[in-house]
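Let's take a walk through this one together. Have the viewer open and follow along.

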Amino acid sequence: VQLQASGGGLVQAGGSLRLSCAASGSIFMIKTMGWFRQAPGKQRELVATITSDGSTGYVDSVKGRFTVSRDNAKNTVYLQMSSLKPEDTAVYYCNADVTAVAGPTRTYWGQGTQVTVSS
């Protein structure tokens, strides 16, 4: 199982970006999917999560600005980021709790995508 993240880039404050993360491989089921971020010199923090039935959760700092969604048919999770602020600058990582075909459930991580917000 692999997770491939994409969609990062450089944007001005107030702008928008959409991140995508697609899971591939011998997947039986994907439970919770989520996005984390890590800014330079800081610990990785949870940004948003979405369960298999569509329930979502957000860190307070992004509520009202970010929206997490998923396409179960495509095994893909999205993060729509709007009203971006310089403090949103970080490497964004996706993860997913995946039950592999004939295998256990474990957490997989994407490779990270850089988001830079200029002031």
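Cys 21 and Cys 94 are both buried, with under 20% relative accessible area as the cut-off for that word. Keep in mind that this is a predicted model, so everything here is computed from predicted coordinates.

Those two cysteines are worth a zoom, since they form a disulfide with their sulfur atoms 2.0 Å apart. That fits comfortably under the cut-off, because a pair of cysteine sulfur atoms has to lie within 2.5 Å to count. The structure holds one disulfide, and a link like this is a covalent bond between two sulfur atoms. Turn to the S-S bond of Cys 21 and Cys 94 and you'll find a torsion of about 55°, which makes the disulfide right-handed. Where do the two ends sit? Cys 21 is in strand β3 and Cys 94 is in strand β9 (residues 90-100), so the pair ties together parts 73 residues apart in sequence.

Now follow β3 outwards. This strand belongs to an open sheet of four strands, ordered β1-β3-β8-β7, with antiparallel pairing. The edges are taken by β1 (2-6) and β7 (66-71); each has a single partner strand, so one side of each lacks a neighbour in the sheet. On average, neighbouring strands here are turned by 15° against each other, ignoring direction.

As for how such strands hold on to each other, the general answer is backbone hydrogen bonds, in either a parallel or an antiparallel arrangement. Between β1 and β3 (residues 17-24), which run antiparallel, there are five bridges. To see a bridge pair up close, pick Ser 6: its bridge partner in β3 is Ser 20.

Note on methods: Residues numbered from 1 in each chain as written. Predicted model: local features only at pLDDT ≥ 70, side-chain atom pairs only at ≥ 80, totals over all residues. Heavy atoms only, no water. Pairing = 2+ DSSP bridges. Helix = DSSP H or I, 4+ residues; strand = E, 2+ residues; numbered from the N terminus. Axes fitted to C-alpha atoms, helices over the stretch in contact; angles between N-to-C directions. Buried < 20%, exposed > 50% of the residue type's maximum accessible area, 1.4 Å probe, protein only.
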